[in-house]
Amino acid sequence: MWSMRKRLGDILLERGLISQEQLASALEEQRRTGDRLGECLVRLGFVTDDQVADALSEHLRLERVDFSRRYLAPEVVELVPSSVITSKYVLPLEIEDGILFVAMADPLDINVIDDLQRLTGKIIRPMVATEDEIMEAFQRTRNIAQSARELLDDCRDREEEEQQEERTPQYLGDAPGVRLANLILEQAIMQKASDIHLEPHETRMKVRYRIDGLLRDIMEIPKHLQGDINSRLKVMAGMDITERRKPQDGRIQLNFNGYDVDLRISTLPTVYGEKIVARVLQKASHLMDLDEFGFSHADLEKIERMLRLSQGLILVTGPTGSGKTTTLYAFLNKLNSPDKNVMTVEDPVEYLLDGVNHVQVNPRVGLTFATGLRTVLRQDPDVIMVGEIRDEETAEIAVRSALTGHLVLSTLHTNGAVATVSRLFNMGLEPYILSSTIIGIVAQRLVRRICPDCREEVELTDPLIIRFIRSLNLEPPRRVYRGKGCPLCGNTGYRGRTAIGEVLVFNKELRQAVERRAGEDELMEIALRSGMNTLQHAAVSKLAEGVTTTEEIIRTVYSVEMEGDL
């Protein structure tokens, strides 16, 4: 395992971190107080917690814990009583092949290791962390998961009739449902969820989060707390808590750990009560630069050429949740400068950029995308971003705005760049106007990235993906990668997402084809001759590079257009 013969004092002496006199003083302090030597050295100011931890890690060849990159599963943390964690400064991290990995402030303490082995019945493998790091990580875990469990335990003795019906709570201040609702929101924000789903069932309410584009089960809540939780969220969102028969929309704005968070709340009556979905918008989230998105070098160059133009229409397309708005904001961030009047019309406003004038759509007072866009045109804009082209009227105004000297950015829900042209035709736009205004179209999807901490190489044997790649006139790679699943990725094998895209820049040949209302097949031929790399080719590149998996390729691009070809 590792040598325990050397004491902490000797290790620090060898590394020149303390002198013999300082060690003697610390040993005298230890005899007087009974505290651990490391505590005494830190208290006397001879070393820091980090220096002690780093020295132990290096000497004992034990991993130094980075809690910022670790997911702590509540069921693992709870293997050790809270009293032991807080008194001995130990924290269970993960279990692998019957071995329990434990962060310890003093990995030299054999007695504590023996105690942990008796408590858990598992082989203990120490890792190194400071006392403060252990306590902060434990408190974060306890604040969310442990508190939720304690709240549920407190409520198990409710009367049977309360479990059978939704009821309007008589008080809200400190009710268990109120605290649980707050915890659900906090945990979603901490786990970077994009959506929260509260789903009523016959005997329980299920809580799910959408993380990296897919829903995950988080917890199940007793039925009798459903009314309290729903009422709490509806009160926070400014909704009518007595109205449960028709859908409602609302908004919650809160500050969590210094970050402004906007939640868009939607309720829908179901046979078992109201289902609530909250879209989580973290306005202070890091706004990515274009080179962080995952676009190829060639596509990035095309996008930058498009953004240099002072007038015309640039569209970003894809299904819901494909990152279109994030891409638009990266465009805006690149265009934003003191010599330009940059304005947006959105629903909702997802980010706030300094120097950009954001307009929030409000249909209740008649402020739609179309009316907002008309008004913005009277505000002397240079760049206009329209959150989404939803109807013919908005499309008409956006195109005419581009025609009259403005750079207009917007989104559409279409499957690909070429399909966007047909969609605009179907919205009633004249071919000659489109050919004169469109600069380019970016179609994109988001694929999940393989977790770098559990990434492993495997042989490509899936016949479906092999046929798919060959249908693109590409040779399938012999080996690909996948994530085994680990605590850092919540055992999903994935962590984070990256974009795959196709960028269609309009040239003379394309404009002429659009003007004569050419079909999709002809437009696609011209696009490919012009050097457009399709979504499918971009996805296979990510697979070959080891960025994503075969399952993600099938999920995101195979189902779009390829099924009929195989």
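**Close-up views of a predicted model**

**View 1. Buried residues of helix H19.** Leu 510, Ala 513 and Val 514 are the buried residues (under 20% relative accessible area, 1.4 Å probe, protein chains only) of helix H19, residues 508-515. These residues lie on the same side of H19 because they cover an arc of only 100° around the axis, taken from the directions from the helix axis to the C-beta atoms. Helices (H or I, at least four residues) and strands (E, at least two) are DSSP runs numbered from the N terminus. The model is predicted: local features need pLDDT of at least 70, side-chain atom pairs count only at pLDDT 80 or more, and totals for chains, interfaces and linings use all residues. Residues are numbered from 1 along each chain as its sequence is written, and side-chain values use heavy atoms, with hydrogens and water left out.

**View 2. Surroundings of H19.** The buried residues of H19 pack against helix H16 (417-426), helix H17 (431-437), strand S18 (494-505) and helix H20 (520-529); contact means heavy atoms within 4.5 Å. Arg 517, which follows H19, has a positive phi, near 60°.

**View 3. Helices H14 and H15.** The axes of H14 (residues 369-377) and H15 (residues 392-403) cross at roughly 20° and come within 8 Å. H14 is therefore roughly parallel to H15, a term for angles under 35 degrees. On the H14 side, the contact is made by Phe 369, Ala 370, Leu 373, Arg 374 and Leu 377. H15 contributes Glu 393, Thr 394, Ile 397, Ala 398 and Ser 401.

Conventions. Axes are lines fitted to C-alpha atoms, for helices over the stretch in contact, and angles run from 0 to 180 degrees between N-to-C directions. Angles under 35 degrees count as roughly parallel, over 145 as roughly antiparallel, 65 to 115 as roughly perpendicular and the rest as oblique. Buried means under 20% relative accessible area, exposed over 50%, partly exposed in between (1.4 Å probe, protein chains only).
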